[in-house]
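The following exercises are to be worked with the sequence and the model open side by side. Each task is followed by a solution in steps.

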Amino acid sequence: MTAFALEAERVSVSYGKFLAVESADLSVAPGECVAVIGPNGHGKSSLVTALAGLVRRGGDVRVFGQTLRAGDPRAAVRAGLVLVPERRHLYPDLTTRDNIMLGSYSRTRRFRARRAWDDVAGVLDMFPELERTLGQKAGTLSGGQQQMVALARAMAAQPRILLLDEPCLGLAEAVARRVYEWLRSMAATDMTIVLVEENPASALTVAGRAVRMHNGLTDPEEAARA
C-alpha cells in the first residue's frame with residue numbers, strides 16, 4: 001500500500017509558449033495538510049489546477065497509488081481529488097441548494113434529486129448560515145457566502161483529497177477567519193488537504209508544513225509550522 005495519498009512528480013504546465021510550472025514535485029501523506037506557498041504568478045494555482053485535471057500537464061500524478069491521466073478532471077474526481085477553485089466558480093443563476101447538490105453528481109450514476117439532497121444535506125452542519133440562502137441564486141450571495149457554498153459543494157463530493165486554491169482571496173477579514181476555522185476543523189479530522197496560499201503565516205495555522213513555489217519550481221526546502 002502506498003505511503004502517500006497524493007504524489008506529483010516533475011509536473012509541468014504550459015499556456016501556449018508560457019511555461020507556468022516548469023517542474024513541480026509534491027508528496028502528501030494520508031491525513032496530512034500541506035500548504036503550497038509563494039508569491040502570485042509563480043505557478044501555485046496552475047499546479048493544483050493541473051492536479052485536478054483541468055489543464056494539460058506533463059509529469060506524473062498519483063492518488064493513493066492510482067496514476068491519473070493528464071487533463072481528465074472526471075478521472076481526478078472519481079479518484080477522490082476535489083478542487084475548490086480560486087474565485088469559487090459557482091453557477092450564479094442556480095440556487096445555493098443546486099450548487100451544493102452538484103458536488104454529489106460525481107457519486108451518483110442515476111441522479112435522484114430527493115435522494116441526493118438527503119445524502120448531502122449534512123454538509124450544511126458545517127455552514128448553518130447557508131440554510132436561509134438555499135433558495136437564493138448564488139450570484140446574489142455575498143463573497144463569504146459564496147465561498148461557503150463552494151466549500152460545501154466540494155464536501156458533498158466526499159473528497160479523499162481536498163485541494164483549496166486561495167480560499168480567502170477577496171474576503172473580509174472576519175469571513176476569512178471563519179473559513180480558516182473550518183479548515184482547521186477539517187485538518188483535525190485527518191482529511192488530506194493541499195492548501196494554496198500566498199501568506200505563509202496564515203497557511204501554517206492550518207498546515208503542518210509548506211512547500212514553496214518559485215518561478216514554476218517547487219523548493220526542496222520546506223517551511224514547517226512552529
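**Exercise 1. A helix and its surroundings**

Which residues of α1 are buried?

Solution. The model is a predicted one, and the assignment rests on relative accessible area, with buried meaning under 20%.

Step 1. Locate helix α1, which covers residues 44-51.

Step 2. Apply the cut-off to each residue; the buried ones are K44, S46, L47, V48, T49, A50 and L51.

Step 3. Count them: 7 of the 8 residues of α1 are buried, so the helix is largely enclosed by the rest of the structure.

Step 4. Continue past the end of the helix. α1 is followed by G53, which has a positive phi near 85°.

**Exercise 2. A covered strand and its partners**

Determine how the side chains of strand β8 are distributed, and identify the strands that pair with β8.

Solution.

Step 1. Strand β8 spans residues 192-197, and 6 of its 6 residues are buried.

Step 2. Separate the two directions. T192, V194 and V196 point one way, whereas I193, L195 and E197 point the other way. Both sets are buried, the charged-class residue E197 included.

Step 3. Examine the pairing with strand β3 (residues 33-37). β3 and β8 run parallel and are joined by 5 bridges. In this pairing V36 stands opposite V196.

Step 4. Examine the pairing with strand β7 (residues 161-165). β7 and β8 also run parallel, with 5 bridges between them. Here L164 stands opposite L195.

**Exercise 3. A glycine in a loop**

Is G38 buried or exposed? Which residues does G38 contact beyond its neighbours within four places in sequence?

Solution.

Step 1. Place the residue: G38 is in the loop between β3 and α1.

Step 2. Compare its accessibility with the cut-off. The relative accessibility of G38 is 13%, so this residue counts as buried.

Step 3. List the contacts outside the four-place window: K44, E197, E198 and M213. Of these, K44 is one of the buried residues of α1, and E197 belongs to the residues of β8 treated in Exercise 2.

Step 4. Check a separation in space against one in sequence. G38 and P200 are 162 residues apart along the chain, yet their C-alpha atoms are separated by 7.8 Å.

**Exercise 4. Two packed helices**

Describe the packing of helices α5 and α6 by geometry and by composition.

Solution.

Step 1. Choose the descriptors. Two packed helices are described by the angle between their axes and the distance between the axes.

Step 2. Read both values for α5 (residues 143-156) and α6 (residues 173-188): the angle is about 15°, and the axes are 10 Å apart.

Step 3. Classify the angle. Angles under 35 degrees count as roughly parallel, and α5 and α6 are therefore roughly parallel to each other.

Step 4. Assign the handedness: α5 passes α6 in a right-handed crossing.

Step 5. Identify the residues that make the contact. From α5 these are G144, Q147, M148, L151 and M155; from α6 they are V175, R178, V179, W182 and M186.

Step 6. Sort them by class. The contact has 7 nonpolar, 2 polar and 1 charged residues.

Step 7. Consider the spacing. An α-helix has 3.6 residues a turn, so residues three or four places apart point the same way.

**Exercise 5. Positive phi outside and inside a hairpin**

Where do D190 and N215 lie, and what phi does G16 take?

Solution.

Step 1. D190 lies in the loop between α6 and β8. Although D190 is not a glycine, its phi is positive, about 70°. Its relative accessibility is 55%, so D190 counts as exposed.

Step 2. N215 is in the loop between β9 (209-214) and β10 (217-224). N215 is likewise not a glycine and has a positive phi of about 55°. With a relative accessible area of 51%, N215 is exposed.

Step 3. Turn to the hairpin of β1 and β2, which has 2 residues between the strands; G16 there takes a positive phi near 65°.

Step 4. Describe the strands of the hairpin. β1 (residues 6-15) and β2 (residues 18-28) pair in the antiparallel sense over 7 bridges, and V11 has A24 as its bridge partner in β2.

Step 5. Follow β1 to strand β4 (residues 58-63). β1 and β4 run antiparallel and are joined by 5 bridges, with L6 opposite V63.

Notes:
Residues are numbered from 1 along each chain as its sequence is written. This is a predicted model: local features need pLDDT of at least 70, side-chain atom pairs count only at pLDDT 80 or more; totals for chains, interfaces and linings use all residues. Side-chain values use heavy atoms; hydrogens and water are left out. Axes are lines fitted to C-alpha atoms, for helices over the stretch in contact, and angles run from 0 to 180 degrees between N-to-C directions. Helices (H or I, at least four residues) and strands (E, at least two) are DSSP runs, numbered from the N terminus. Angles under 35 degrees count as roughly parallel, over 145 as roughly antiparallel, 65 to 115 as roughly perpendicular and the rest as oblique. A crossing is left-handed if the near helix is turned anticlockwise from the far one by less than a right angle, and right-handed if clockwise. Contact means heavy atoms within 4.5 Å. Buried means under 20% relative accessible area, exposed over 50%, partly exposed in between (1.4 Å probe, protein chains only). Two strands pair if DSSP finds at least two bridges between them.
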